[in-house]
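Thanks for making the time, everyone. I would like to walk through one chain with you, starting from a single turn and then working outward, so please bring up the sequence and the structure.

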Amino acid sequence: MRLRTTLIGLVLVGITAQARAQARRPEARPTGLPKKLTWTFNLDAGLGAFGFANSLYADVSPDPSGDLSDNWVESFVKPAISGTAAAWKGEFFAKLSAVGERTYAAPPPLVGSEASSFKVEDLYVGWRSGKALSLGDDALEVTLGRARYTIGHGLLLWDGGGEGGSRGGFWSNARKAWELAGVARLNFKRNTVEAFYLDRDEVPEAETGTRLFGANYERSVGKAKATTLGATYMHFMADSLPARDGMDVFNLRAYSSPFRKLPGLSLEAEYAHEANGALIKSTAWNILGAYELSKAKWKPKLSYRYAFFQGDEPAT
């Protein structure tokens, strides 16, 4: 009986001590950032080893010895902070990030020499309409600044930042933001319409002054929205590439998972045409079939893609 009483007393003392410790525990340390905004912090990092074995395009010029093999290492780190705040029945949003990259251990000329760099990546502000418009939630969205913008699955537009050379990170490709991106997006029912202006963030020693503007349209089809149809127009400008300066590009695409009983099966087709008077006239298209084993661990996907490219002057 005494032992039981003693144990009960020790438990009560422990609970009391824990309660007092929790009462004395300080609150979460403030960040010093405005409390009216919702903040998100991210830190991405990567390290990769790369190697070519007798495969540098069968060209011995990079190495007079005739050795076509190379091995090197790339690493990057990307800290980021983003915030959102309610405004005008919608929401303001912004993001700031930076990327530090390094390439070392004797990379080949194709990749560039040993190099490292650290510079701002994302730096943009925007506003989305929330419930302010009768067209639906977030029917209108506007973004301006250093931001990422892609079209479809990336056949024509995927990456707005140049890598390699004096920046390093040729294959790790941690930078994807355009130097300046202005994008206005309207969503209504199953339709998306976008207007954009983009200025590419090129490697300093390979600066061409490439900019473009255009419009993009996408529509979801089917009860489960399993099919997406898209069309895009782009007009290019370039300071040091006459064939690109004034070039027009047209793109049509379709992505679909057509069978409900086979949700892992997907099909896609895409066509592109570019023209610039007598300087450029070329076409490209591709088709792809894929099947994802969704019930298997890690969900592996098997795919086959056929691509065709044709220009009016094969020598160029």
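Let me begin with a question: in the hairpin of β2 and β3, which residue takes a positive phi? It is Trp 88, with a phi near 55 degrees, and the hairpin has 2 residues between its strands. Please keep in mind throughout that this is a predicted model.

Staying with that hairpin, β2 covers residues 70-87 and β3 covers residues 90-104, and the two pair in the antiparallel sense over 13 bridges. If you want one pair to look at on the screen, take Glu 74, whose bridge partner in β3 is Thr 103. Strand β2 also pairs with β1, residues 38-52, again in the antiparallel sense, and here over 15 bridges. In that pairing, Phe 52 stands opposite Asp 70 of β2.

Now let me step back to the whole chain. Its secondary structure comes to 1 helix and 13 strands, and, read from the N terminus, the helix is followed by the strands. The chain has 316 residues, of which 33% count as buried, and its accessible surface comes to about 20,000 Å², with 61% of that belonging to carbon and sulfur atoms. Among contacts between residues at least 6 apart in sequence, 52% join residues at least 24 apart.

On confidence, the average pLDDT of the chain is 87, and 85% of the residues score at least 70. Over residues 1-17, however, the pLDDT is below 50, and this stretch has 0 contacts in the model beyond near neighbours in sequence.

I turn next to the charged side chains, where a search of the whole structure finds 15 salt bridges. As general background, side chains of opposite charge can pair when their charged atoms come close. One of these salt bridges brings us back to β2: the side chains of Lys 78 and Asp 122 meet with an N to O distance of 3.4 Å. Lys 78 sits in β2 and Asp 122 in β4, residues 115-128, so that the pair links parts of the chain 44 residues apart, and both of these residues are buried.

A second salt bridge joins Arg 146 and Asp 201, whose closest N and O atoms are 2.9 Å apart. Because Arg 146 lies in strand β5 and Asp 201 in the loop between β7 and β8, the pair ties together parts that are 55 residues apart in sequence. Here, too, Arg 146 and Asp 201 are both buried.

For a third case, consider Asp 239 and Arg 211, which form a salt bridge with their closest N and O atoms 2.9 Å apart. Asp 239 is in the loop between β9 and β10 while Arg 211 is in β8, and therefore parts that are 28 residues apart in sequence are tied together. Is Asp 239 buried or exposed? Asp 239 counts as exposed, because its relative accessible area is 62%, and the cut-off for exposed is over 50%. There is also a network, in which salt bridges that share partners join Glu 91, Arg 128, Glu 141, Arg 185 and Glu 194.

Finally, the surface. A nonpolar patch of about 610 Å² is made by Val 125, Leu 144, Leu 180, Tyr 197, Phe 213, Tyr 233 and Phe 250, and of these, Leu 144 lies in β5, residues 140-146.

Conventions: Residues are numbered from 1 along each chain as its sequence is written. This is a predicted model: local features need pLDDT of at least 70, side-chain atom pairs count only at pLDDT 80 or more; totals for chains, interfaces and linings use all residues. Side-chain values use heavy atoms; hydrogens and water are left out. Helices (H or I, at least four residues) and strands (E, at least two) are DSSP runs, numbered from the N terminus. Buried means under 20% relative accessible area, exposed over 50%, partly exposed in between (1.4 Å probe, protein chains only). Contact means heavy atoms within 4.5 Å. Accessible areas come from the Shrake-Rupley method with a 1.4 Å probe; for residues, only the protein chains shown count as cover. Two strands pair if DSSP finds at least two bridges between them. Patches are made of residues with over 30% relative accessible area and no salt bridge: like charges are joined within 9 Å, nonpolar side chains (Val, Leu, Ile, Met, Phe, Trp, Tyr) within 5 Å. A salt bridge is a side-chain nitrogen of Lys or Arg within 4 Å of a carboxyl oxygen of Asp or Glu. pLDDT is the predictor's confidence in each residue, from 0 to 100.
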